[in-house]
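Welcome to my notebook. I jotted these entries while looking through the chain for the first time, so feel free to follow along.

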Amino acid sequence: MKSESLQSSVIRDLVLLSCVGLRIVFVHGGGPEINHWLTRLNIQPNFLNGLRVTDASTMEIVSMVLVGKVNKHLVALINKAGANAVGLSGIDGRLFTARPNPNSAQLGFVGDIATVDPSVLFPLINTNHIPVIASVAADEEGQSYNINADTAAGELAAALGAEKLILLTDVAGILEDKEEIGSLVKEIDIKGVKKMVDEGKIAGGMIPKVSCCVRAIAQGVRTASIIDGRLPHSLLLEILTDQGAGTMITG
């Protein structure tokens, strides 16, 4: 999504799917934009097991970028493409209530999702609006936390009883051999995913992605897909064709 033309193409495809009757909820992060602002402020981005280490200064930047810059930009793009989008964060309507990550001593203000209350979304979805949700949340005391966007999307998909969870990312999907793009796994069940994790074939930033897919499916989402957002029209390929555009995980 760093490419403006690709970003516009994804948004147009999303709007098209909305126009033909799919009810879409769009959850986003903003990693590259956050890194850009941290670098401008001479703050070194750090990651641990695919999660951003978030001290107090970094949390301020995360909130500013996700809730302000990125969210408003995406809402404007969707509206321009002909749909009606509404920008929210996990804090709005207590959509997400956060709790500290178990590794908070190392990760700082990185949160897990304690509860999801999607009631604020139903009036929007039922009137054909597209909710666009920034992945930040607060705990019961009002402390803000950085939430992994994939994790937030998975928990929300489960709470909504969604038919499908799609993670749009910058990799081809799950690879049998991390060094070989031709080893893409087109479809795999939860048992197979866990086996690949145990064998070390899934590691790093891919772990939060597959973990949230597994959790979503375990909570009733029918399928979850990790698809290559760099591939033109990957959303349409995944939803409208048998070929797909990445890896689909099933129960």
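**Entry: H7 and H8**

I began with how H7 and H8 lie relative to each other in this predicted model. I looked up their packing angle and found about 155°, with the axes 11 Å apart. Angles over 145 degrees count as roughly antiparallel, so H7 and H8 are roughly antiparallel to each other. I also noted that H7 passes H8 in a left-handed crossing.

Which residues make the contact between H7 and H8? From H7 I listed Ile190, Val193, Lys194 and Val197, and from H8 I listed Val210, Val214, Ile217 and Ala218. Sorted by class, this contact has seven nonpolar residues, one charged residue and no polar ones.

**Entry: the cores**

Next I looked for nonpolar cores. The largest has 38 residues, and Leu165 and Ile174 are the ones with the most contacts inside it. I checked which elements supply at least two residues each to this core: they are strands S5 (96-100), S10 (164-169) and S12 (223-228), together with helices H5 (122-126), H6 (149-160), H7 (190-198) and H8 (206-218). H8 gives the most, with seven residues.

I then followed Ile174 outwards. Leaving aside residues up to four places away in sequence, Ile174 touches a list that includes Leu184, Val185, Ile188, Val193, Met196, Met206, Val210, Ile226 and Ile249. Ser183 and Thr247 are also among the residues that Ile174 touches.

There is a second, separate core of 29 residues, and Ile34, Leu74, Leu236 and Ala245 are among its members. I kept a general remark beside these entries: in soluble globular proteins, nonpolar side chains tend to be buried together.

**Entry: Lys209**

Is Lys209 buried or exposed? Its relative accessibility is 14%, so Lys209 counts as buried, the cut-off being under 20%. Lys209 is found in helix H8. Beyond residues up to four places away in sequence, Lys209 touches Asp150, Leu167, Thr169 and Ile226.

**Entry: Val171**

I found Val171 in the loop between S10 and strand S11 (187-189). Val171 is partly exposed, with a relative accessible area of 30%. What caught my eye was its partner along the chain: Val171 and Asp228 are 57 residues apart, and their C-alpha atoms are separated by 5.3 Å. Asp228 is also one of the residues that Val171 touches, along with Met206, Ile227 and Arg230, when residues up to four places away in sequence are not counted.

**Entry: positive phi**

I looked at two residues other than glycine that have a positive phi. Asn42 has a phi of about 60° and lies in the loop between helix H2 (31-40) and strand S2 (47-48). Asn42 is exposed, with a relative accessible area of 74%. The phi of His233 is near 60°, and His233 lies in the loop between S12 and helix H9 (234-240). His233 is partly exposed, at 39% relative accessible area.

**Entry: H1 and H3**

Last, I turned to another helix pair. Helix H1 (residues 4-19) and helix H3 (residues 56-80) pack at about 60°, with their axes 9 Å apart. H1 and H3 are therefore oblique to each other, and their crossing is right-handed. Gln7, Ile11, Leu14 and Val15 in H1 meet His73, Leu74, Leu77 and Ile78 in H3. By class, I noted six nonpolar, two polar and no charged residues in the contact of H1 with H3.

Conventions. Residues are numbered from 1 along each chain as its sequence is written. This is a predicted model: local features need pLDDT of at least 70, side-chain atom pairs count only at pLDDT 80 or more; totals for chains, interfaces and linings use all residues. Side-chain values use heavy atoms; hydrogens and water are left out. A nonpolar core is a set of buried Ala, Val, Leu, Ile, Met, Phe, Trp, Tyr and Cys residues joined through side-chain atoms within 4.5 Å. Buried means under 20% relative accessible area, exposed over 50%, partly exposed in between (1.4 Å probe, protein chains only). Helices (H or I, at least four residues) and strands (E, at least two) are DSSP runs, numbered from the N terminus. Contact means heavy atoms within 4.5 Å. Axes are lines fitted to C-alpha atoms, for helices over the stretch in contact, and angles run from 0 to 180 degrees between N-to-C directions. Angles under 35 degrees count as roughly parallel, over 145 as roughly antiparallel, 65 to 115 as roughly perpendicular and the rest as oblique. A crossing is left-handed if the near helix is turned anticlockwise from the far one by less than a right angle, and right-handed if clockwise. Ala, Val, Leu, Ile, Met, Phe, Trp, Tyr, Cys and Pro count as nonpolar, Asp, Glu, Lys and Arg as charged, and the others, Gly among them, as polar.
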